[in-house]
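Reader: I have just opened this one and would like some help finding my way around. Could we go through it together?

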Amino acid sequence: MKKICFAILVHENREVIQDQIENIRHFCPNSSIVFFQSGNDDNLCKGLGYPICPTSQPMKYARTYGWFFLNIMEWLENTGYEYDYLINLDSDSLFAKKGFEEFIISEMNEFDYMAAHYRMATDQWSPGNTMKKVWHLWQPIFNLDHFYGCFGSQVFSRKFVKQILSFNKLEEMKKIMKQTEDDVFALEEMLFATLAKTLGIKSKSYPENVGKWMRDRPKYTRRELIYAVKNNEECYLLHPVNRIMNDRARTFIRSMIHFRKKE
């Protein structure tokens, strides 16, 4: 079976992180987990039993997350970490249905990149409007007339990761990232989606019935999840779920795990 690695960006609330670990271990038991600590607590993930990226550093919300991806990729490649697909997870993401691992392996069979709502950026998309202001700096990197966007958990084959790290404009790209990090909102939602086009990577969007469960807002409610589970919706990966342990949506998902453990 191909190996999936989840890279999780965390910054606070150790109890919620432990809840997310238990969630992944139940719904995706064959996948590995690595952490990137983006907060100020160096001990946040210590002792949880999972590797922590040694180049972890504080991040500005929705401004510097592109570095999270690159630092994780470089670290895993430099250490020879074994995986076939790298998937980023936010700390307010949870699984609510088994089968995600099999879904990824099936969907990625002939592809090297997949993301929710993957498309050419439009004027109606607010992060894209921030990129437009500095597109003259980014266009020579991508060598394209348009840039692309996505949302949520992006799926990278190891082949794509290797191509990113060997990109002949990587160092120049890093300079532009640093130069424009205060100007572009959610750069990571455009950077790799567009780079996939530049590098000729075979890419796709999550199928709508799966990708629709990754959204910016509102946060999921218990009622929504009960309806989804009862109707056997493809609610594998959910975003966002409140990072509060007694949140009703979170406790409902946790109750499904504990109920199945007793069976």
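Author: Gladly, and please keep in mind that this is a predicted model. A good place to begin is Phe 156, which touches Phe 69, Met 73, Asp 84, Tyr 85, Leu 86, Asp 112, Tyr 113, Val 161, Ile 164 and Phe 192, leaving aside residues up to four places away in sequence.

Reader: Okay, and which residues touch the most other members of the largest nonpolar core?

Author: That core has 51 residues, and those touching the most other members are Ile 72, Leu 86, Tyr 113, Trp 138, Phe 156 and Met 173. Helix H2 gives the most to this core, with 9 residues. Apart from it lies another core, of 45 residues, which includes Phe 103, Val 155, Tyr 206 and Tyr 236.

Reader: What about strand S6, is it mostly covered or open?

Author: S6 is mostly covered, since 10 of its 10 residues are buried.

Reader: Which strands does S6 run antiparallel to?

Author: S3 is joined to S6 by 3 bridges, and the two run antiparallel; in that neighbourhood of the chain, Ile 87 stands opposite Val 155 in S6. S5 and S6 also run antiparallel, joined by 5 bridges, and Met 120 has Tyr 148 in S6 as its bridge partner.

Reader: Switching topic, what is the volume of the largest pocket?

Author: Its volume is about 790 Å³, and of the 36 residues that line the pocket, Tyr 61, Tyr 65, Asp 90, Glu 189 and His 239 are the closest to its centre.

Reader: And which element gives the most to that lining?

Author: S6 does, with 4 residues, while the lining as a whole divides into 16 nonpolar, 10 polar and 10 charged residues.

Definitions and conventions
Residues are numbered from 1 along each chain as its sequence is written. This is a predicted model: local features need pLDDT of at least 70, side-chain atom pairs count only at pLDDT 80 or more; totals for chains, interfaces and linings use all residues. Side-chain values use heavy atoms; hydrogens and water are left out. On a 1 Å grid over the protein atoms alone, a cavity is a set of points where a 1.4 Å probe fits but cannot get out, and a pocket is an open set with protein on both sides within 12 Å along at least five of seven lines; lining residues have an atom within 4 Å of a point. Grid points are joined across faces, edges and corners, and a volume is the space filled by probe spheres set on the points. Ala, Val, Leu, Ile, Met, Phe, Trp, Tyr, Cys and Pro count as nonpolar, Asp, Glu, Lys and Arg as charged, and the others, Gly among them, as polar. A nonpolar core is a set of buried Ala, Val, Leu, Ile, Met, Phe, Trp, Tyr and Cys residues joined through side-chain atoms within 4.5 Å. Buried means under 20% relative accessible area, exposed over 50%, partly exposed in between (1.4 Å probe, protein chains only). Contact means heavy atoms within 4.5 Å. Two strands pair if DSSP finds at least two bridges between them.
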